[in-house]
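Visitor: I'm new to reading protein models. Could you walk me through this one?

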Amino acid sequence: KPLYVQLSDAITTYINEKALEPGDPLPSENDLLQHYGVSRMTVRIAIQRLATEGLIQKIQGKGTFVAKPMLKGCVSGVQSLEESLSGQGIIVVNELLEASVEYPTNRYLKELGLSAGSQTYKIRRFKKIDNSPLCIEIRNFPLEIVDLFSKKELNESPAVKIMNSKPETAVHYVYNTVKATLLLDREAEVMGVPVGTPVLTQFATHCNSERKPIMSGRLTFLAERAEICFEFKK
């Protein structure tokens with residue numbers, strides 16, 4: 001095996017033998033250099049490999065730690081995130097950050113099939129699991145769709161669940177794109193992580209049975225906490 005693979009295996013064995021828990025510190029780069037007699041590049045590649053696998057977490061200026069378990073499992077396109085995860089015994093808590101009528105970006109105008117100058121109802125929520133950050137949710141609804149529901153429903157209930165509660169807005173088609181990027185100041189502050197933290201952003205437009213867009217938005221997940229799985233059936 002390449003040296004970096006041998007070293008990452010050794011670190012994994014160390015974690016298991018010491019029965020380390022999430023948040024427990026791991027040996028520093030210098031400690032690993034001295035103990036194993038390998039190059040700094042080998043150490044960094046081994047650490048990055050384990051971080052990518054979700055086993056460890058690097059925190060700038062503090063060190064390397066055992067990571068919290070990564071959230072895994074398929075999320076159905078016609079269920080809310082909350083409903084899908086509840087089947088795995090995971091409870092998602094929502095915190096409303098913003099709810100207002102505003103002019104959306106060109107991206108959402110196009111996704112929703114709206115003309116220039118149109119307004120949407122936008123909600124922005126912070127989702128947590130066991131008081132730990134999971135993702136930030138942004139949804140844009142055409143105003144004609146908003147009129148079918150109360151503001152309390154839109155602000156507090158899972159968006160897909162609300163849409164599925166009426167035949168004319170029930171979700172039949174979902175168009176997804178996923179992009180890897182870095183958190184900017186505003187969302188980093190909400191999630192309590194450093195600016196520049198890697199995230200996975202899932203953009204989605206939901207349509208009814210007539211393929212008419214009923215909402216469009218995104219979920220921004222901390223990359224170290226989640227894997228996004230897509231399942232296709234014929």
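Visitor: Which residue just after helix 3 takes a positive phi?
Guide: This is a predicted model, where local features need pLDDT of at least 70, side-chain atom pairs count only at pLDDT 80 or more, and totals for chains, interfaces and linings use all residues. Residues are numbered from 1 along each chain as its sequence is written, and side-chain values use heavy atoms, leaving out hydrogens and water. Helices (H or I, at least four residues) and strands (E, at least two) are DSSP runs, numbered from the N terminus. Look just past the end of helix 3: with phi at about 85°, the residue there is G54.

Visitor: Where is A19, which has a positive phi although it is not a glycine?
Guide: Most residues other than glycine have a negative phi. A19 goes the other way, with phi at about 55°. A19 is also exposed, at a relative accessible area of 53% (buried means under 20%, exposed over 50%, partly exposed in between, with a 1.4 Å probe and protein chains only). Its place is in the loop between helix 1 and helix 2.

Visitor: And D130, is that buried or exposed?
Guide: D130 has a positive phi too, near 50°. You'll find D130 in the loop between strand 4 (120-129) and strand 5 (132-142). Its relative accessibility is 73%, so D130 counts as exposed.

Visitor: Back to helix 3: which side do its buried residues take, the same side or opposite sides?
Guide: The buried ones are T42, V43, A46, I47 and L50. They cover an arc of only 130° around the axis (taken from the directions from the helix axis to the C-beta atoms). An α-helix has 3.6 residues a turn, so residues three or four places apart point the same way. For the buried residues of helix 3, that arc means the same side.

Visitor: What do those buried residues pack against?
Guide: Contact here means heavy atoms within 4.5 Å. On the other side of helix 3, M41 and T52 are exposed. The buried residues pack against helix 1 (3-17), helix 2 (29-36), strand 1 (56-59) and strand 2 (63-66).

Visitor: How much accessible area does the nonpolar patch with M41 have?
Guide: M41 lies in helix 3 (residues 40-52) and counts as exposed at 55% relative accessibility. Patches take residues with over 30% relative accessible area and no salt bridge, joining like charges within 9 Å and nonpolar side chains (Val, Leu, Ile, Met, Phe, Trp, Tyr) within 5 Å. Areas come from the Shrake-Rupley method with a 1.4 Å probe, and for residues only the protein chains shown count as cover. Together, Y4, M41 and I45 have about 280 Å².

Visitor: Which residue forms a salt bridge with R40?
Guide: A salt bridge is a side-chain nitrogen of Lys or Arg within 4 Å of a carboxyl oxygen of Asp or Glu. R40 is partly exposed, at 35%, while its partner is buried, at 19%. The closest N and O atoms are 3.0 Å apart, and the partner is E29.

Visitor: How far apart in sequence are E82 and K127, which also form a salt bridge?
Guide: Their closest N and O atoms are 2.3 Å apart, and both residues are buried. E82 sits in helix 4 (residues 81-86) and K127 in strand 4, so along the chain they are distant parts, apart by 45 residues.

Visitor: How many salt bridges are there in the whole structure?
Guide: Another one joins E95 and K128, at 3.4 Å from N to O. A search of the whole structure brings the count to 12.
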